[in-house]
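Biologist: I have a structure open on my screen and would like to learn how to read it. Could you take me through a few features, starting with the charged side chains?

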Amino acid sequence: MFERVHSELASVTPAGMRRREMESAVAELHRVETHAAERRLALIAAIDDLGDGGVDGAGVARARTKSSARAAKKAVKAAKQLARMPKTTAALAEGRIGLEHVDAAADAAERTSPEEVDAELGDAIDEQPADLFATRARSWAGAKERDADERARYERQRAQREMSAWTDADGMWILHARFDPVTGAGLHKILTERVDRLW
């Protein structure tokens, strides 16, 4: 099978082609390349998951494709994330995006989750060139991280809520309380309204 594909690709040469034919061939070859890349990444992910004591996905990628150690690790990272991003996988297999898009999506998925990236960026991943999509993905992931940090901070504040009340030696009633911002704002509103009515 691969010999036939290789032979057909070897026959695609610019000799005798007009501009429109060459441009069309570039697009077709891109689709072949990205489909092959999607299959290669799926195989790398599957090899990495075997757990049979053999060479891991990065080792196979490095040995079989003569890529650098850095590129092999990057391929494994992308393969692992892509396995959980069906929309992005389909876009790559169909040639609507390239590996640069996948790398940007994988980086964003590492900061958030593959499912979130696919759900929120997957439908529009093919709307921009790779460099613009990478900027968008970084910005999106940064906003998600800030949101997650804010939620974690709020949860910590809620866990630290406390209130105590007592009467002092003069019989005065004393209240000491610490609330998270949401609970505190609600309580402040109620108390302010009550004080206004009393006065």
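Modeller: Happily! We start with a yardstick: a residue is buried under 20% relative accessible area, exposed over 50%, and partly exposed in between. Please keep in mind that this is a predicted model.

Biologist: Then where does Glu 116 fall, buried, exposed or partly exposed?

Modeller: Glu 116 has 28% relative accessibility, so it counts as partly exposed. Lys 144 is also partly exposed, at 22%.

Biologist: Which residue does Lys 144 form a salt bridge with?

Modeller: The general idea is that side chains of opposite charge can pair when their charged atoms come close. Here Lys 144 pairs with Glu 116, and their closest N and O atoms are 3.7 Å apart. Lys 144 belongs to helix 8 and Glu 116 to helix 7, so this salt bridge ties together parts 28 residues apart in sequence.

Biologist: How many salt bridges are there by this rule?

Modeller: The count comes to 19. One of them joins Asp 48 and Lys 80, at 3.3 Å from N to O. Asp 48 sits in helix 2 and Lys 80 in helix 4, so parts 32 residues apart in sequence are tied together. Asp 48 is partly exposed at 26%, and Lys 80 is partly exposed at 30%. Together with Asp 49, these two residues are linked in a network of salt bridges.

Biologist: And how should I read a pair within one helix?

Modeller: An α-helix has 3.6 residues a turn, so residues three or four places apart point the same way. In this model, Arg 31 and Glu 28 are three residues apart in helix 2, about one turn. They form a salt bridge with closest N and O atoms 2.3 Å apart.

Biologist: Let's go inside. Which residues touch the most other members of the largest nonpolar core?

Modeller: Leu 41, Ile 44, Val 117 and Phe 133 do, in a core of 29 residues. Helices 2 through 8 each supply at least two of the core residues. Beyond its neighbours within four places in sequence, Ile 44 contacts Gly 57, Ala 61, Ala 75, Val 76 and Ala 79.

Biologist: Last one: in which sense do strand 1 and strand 2 pair?

Modeller: Strand 1, residues 162-167, pairs with strand 2, residues 173-178, in the antiparallel sense over six bridges. Glu 162 stands opposite Arg 178. The two strands form a hairpin with five residues between them, and Gly 171 in the turn has a positive phi of about 85 degrees.

How values were computed. Residues are numbered from 1 along each chain as its sequence is written. This is a predicted model: local features need pLDDT of at least 70, side-chain atom pairs count only at pLDDT 80 or more; totals for chains, interfaces and linings use all residues. Side-chain values use heavy atoms; hydrogens and water are left out. Two strands pair if DSSP finds at least two bridges between them. Helices (H or I, at least four residues) and strands (E, at least two) are DSSP runs, numbered from the N terminus. A nonpolar core is a set of buried Ala, Val, Leu, Ile, Met, Phe, Trp, Tyr and Cys residues joined through side-chain atoms within 4.5 Å. Buried means under 20% relative accessible area, exposed over 50%, partly exposed in between (1.4 Å probe, protein chains only). Contact means heavy atoms within 4.5 Å. A salt bridge is a side-chain nitrogen of Lys or Arg within 4 Å of a carboxyl oxygen of Asp or Glu.
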